[in-house]
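Me: I am a first-year student, and I would like a close look at one part of this protein. Please take me through the second largest pocket and the elements around it.

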Amino acid sequence: MDRFDFVVIGAGAAGEAAAHAALEAGKTVAVLERELVGGSCPFWACIPSKSLLHAAAMHRHGDYSWQRASDRRDYMINREGRDWPDDSSGVKALEDAGARVYRGEGRIVGPGVVEMRAAGDAAHPGSVQQLEAGTIIVATGSQPKMPPIEGLAEAEPWTNREATATRDLPRSLVVLGGGAVGVELSSVFARFGVETALVHSHERLIERDHPRVSEAAARILRDDGVELRLGARTVRVRPRAGDRNAHVVELSDGGWVQGERILVAVGRAFDLGGLGLETLGLDPSGIRPDGRLRIADGVYLIGDSAGPELFTHVSHYQGGLAVRMALGEEVVPDYRAIPRAVFLEPELASVGLSVEEAKAAGVDAFEKVVDFATTTRGYELEAAFGHVAIVVDRSSETLVGASVVAPDASAAIHETVLAIQTRTPLATLASMIHAFPTTSRAFAGLYVDALKELRGGPIRA
């Protein structure tokens with residue numbers, strides 16, 4: 001039995017980060033992956049969707065064909081001239097760093113022991129090998145949820161995989177789900193001329209975010225030509241019952257929409273069954289990591305299954321942190337300042353709490369907001385709308401939240417991410433020099449305005 005300091009089950013964003021962190025610490029590492037090293041982000045999610053969003057923006061403002069967009073996406077996901085992406089660069093990076101990469105299913109068979117079953121078939125079963133592990137890291141990711149809606153399976157719906165990988169545009173598309181995935185992909189297809197309808201059971205898109213962010217998302221999608229059916233659930237699908245054999249999607253409000261394709265983007269599922277966690281006395285259906293990502297002695301759960309947010313950057317963070325904790329460092333996860341971004345045009349970004357969430361949590365909070373279109377940067381870009389906002393805790397005089405809707409929101413938000421993470425005093429933020437004219441410059445005015453409210457008058461040096 002080969003022995004490793006760390007055995008990592010799953011080589012997505014979290015698993016890769018953990019493996020590299022352990023290798024940098026001089027530890028021996030085995031990585032087990034049943035599909036693609038790199039996981040969803042580089043092949044089916046972050047990278048292809050952002051490539052297509054860029055192409056859709058270029059198409060709207062100039063000459064950028066779908067064929068060019070499709071070819072560029074294939075280049076970005078290492079799928080040129082083939083149907084399945086090539087992950088050899090990710091494998092090579094791990095092996096060059098010193099890891100041993102195994103292709104196959106990983107399963108815990110007892111404390112400190114992982115069984116690896118190589119891929120095979122009925123005629124040629126895969127080999128089985130056991131690995132001894134000082135620490136086991138479970139990083140198996142998540143899968144798209146598929147709701148049990150009558151007729152949906154017969155319509156052969158897309159998930160984000162098929163939507164971001166398609167080389168052919170459908171005539172029409174129905175998107176189920178108004179989170180980041182549904183919103184971004186609706187924009188892509190609508191901008192390329194696909195008749196697109198988005199169905200979302202909540203009254204607001206991206207409802208976990210600030211209402212202003214939701215309003216901006218709705219405005220952008222409507223401008224893109226997307227039909228929004230908010231506050232309505234899908235109750236039944238009638239496959240190929242519509243015009244030109246389109247699928248008819250019946251809604252709880254009595255209406256309906258139809259599409260040649262249906263994209264299901266209603267969330268992600270976490271299946272920890274089959275990993276052998278019961279051999280450690282754990283119930284796979286009810287596992288929650290402790291405050292240090294541990295689920296058992298010497299076993300850590302990281303990535304989507306660990307929560308609290310399903311972002312690649314959270315997976316990277318947890319991967320490195322789990323290794324540090326396993327090696328005895330006195331660190332714990334801190335999720336107060338997780339940035340969120342949706343890459344529409346303009347972009348949407350936020351961090352921390354809305355003022356309503358802060359008050360509900362017992363924080364004496366207030367909010368300062370500026371209309372981005374009225375800022376110097378907004379005037380330059382001829383912005384029709386947008387905003388920059390901060391949420392301030394009166395007692396500590398620090399930020400607890402912020403949101404931005406602007407062309408560079410995903411970058412501008414990080415100033416406030418750092419401020420929340422480090423609990424930087426508002427007075428320090430107000431004394432910063434911001435480049436002019438930038439989106440971040442709008443924060444400067446908000447800091448001063450907030451400090452004036454706290455001080456009850458003008459700020460004196």
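Reply: Start with the space itself. In this predicted model, the second largest pocket has a volume of about 570 Å³. Its lining has 25 residues. Those closest to its centre are Leu344, Glu345, Pro346, Glu347 and Pro407. How does the lining divide by class? It has 15 nonpolar, three polar and seven charged residues.

Which elements supply the lining? At least two residues each come from α3 (46-61), α7 (180-191), α8 (211-224) and β21 (398-406). The largest share belongs to α3, with seven residues.

Now take two of those helices, α3 and α7. Their axes come within 9 Å and cross at roughly 40°. The crossing is left-handed. On the α3 side, the contact is made by Ser49, Lys50, Leu52, Leu53, Ala56, Ala57, His59 and Arg60. On the α7 side, Glu184, Leu185, Ser187, Val188 and Arg191 take part. By class, the residues of this contact are six nonpolar, three polar and four charged.

Next, the helix α8. The loop between β8 (195-200) and α8 holds Ile206. Look at the backbone there. Ile206 has a positive phi of about 40°, although it is not a glycine. Most residues other than glycine have a negative phi.

Go back to the centre of the pocket. Pro346, one of the residues closest to that centre, sits in the loop between β17 and β18. What kind of peptide bond joins Glu345 and Pro346? The bond is cis, with omega about 5°. Most peptide bonds are trans. Glu345 is also among the residues closest to the pocket centre.

The strands on either side of that loop form a hairpin. Four residues lie between β17 and β18. Strand β17 covers residues 339-342, and β18 covers residues 347-352. The two run antiparallel and are joined by four bridges. To find one of the pairings, start at Pro339: its bridge partner in β18 is Val351. Glu347, another of the residues closest to the pocket centre, falls within the range of β18.

The hairpin is part of a wider sheet. This open sheet has five strands in the order β17-β18-β21-β20-β19, with antiparallel pairing. Why do β17 and β19 (365-371) each have a side without a neighbour in the sheet? They stand at the edges, each with a single partner strand, so one side of each is left without a neighbour in the sheet. Neighbouring strands here are turned by 10° against each other on average, direction ignored.

Follow the order to β21, which also helps to line the pocket. Strand β20 (residues 387-393) runs antiparallel to β21, and seven bridges join the two. One pairing to look for is His387 with its bridge partner in β21, Val405. A helix packs on this sheet as well: α13 (residues 414-422) touches β17, β18 and β21. The direction of α13 makes about 170° with that of β21.

For practice, turn to another sheet. What is its strand order? It is an open sheet of three strands, β10-β11-β12, with antiparallel pairing. The edge strands are β10 (234-238) and β12 (256-259), and each pairs on one side only. Neighbouring strands in this sheet are turned by 20° against each other on average, direction ignored. Strand β11 (residues 247-251) pairs with β12 over four bridges, in the antiparallel sense. Here the bridge partner of Val248 in β12 is Gln258.

One more peptide bond is worth finding. Gly307 and Pro308 are joined by a cis bond, with omega about 0°. Pro308 lies in the loop between β16 (299-301) and α9 (312-326).

To retrace the route, begin at Pro346, in the loop between β17 and β18. Then follow the five-strand order from β17 through β18 to β21. Finish at α3, the source of the largest share of the pocket lining.

Methods. Residues are numbered from 1 along each chain as its sequence is written. This is a predicted model: local features need pLDDT of at least 70, side-chain atom pairs count only at pLDDT 80 or more; totals for chains, interfaces and linings use all residues. Side-chain values use heavy atoms; hydrogens and water are left out. Two strands pair if DSSP finds at least two bridges between them. On a 1 Å grid over the protein atoms alone, a cavity is a set of points where a 1.4 Å probe fits but cannot get out, and a pocket is an open set with protein on both sides within 12 Å along at least five of seven lines; lining residues have an atom within 4 Å of a point. Grid points are joined across faces, edges and corners, and a volume is the space filled by probe spheres set on the points. Ala, Val, Leu, Ile, Met, Phe, Trp, Tyr, Cys and Pro count as nonpolar, Asp, Glu, Lys and Arg as charged, and the others, Gly among them, as polar. Axes are lines fitted to C-alpha atoms, for helices over the stretch in contact, and angles run from 0 to 180 degrees between N-to-C directions. A crossing is left-handed if the near helix is turned anticlockwise from the far one by less than a right angle, and right-handed if clockwise. Contact means heavy atoms within 4.5 Å.
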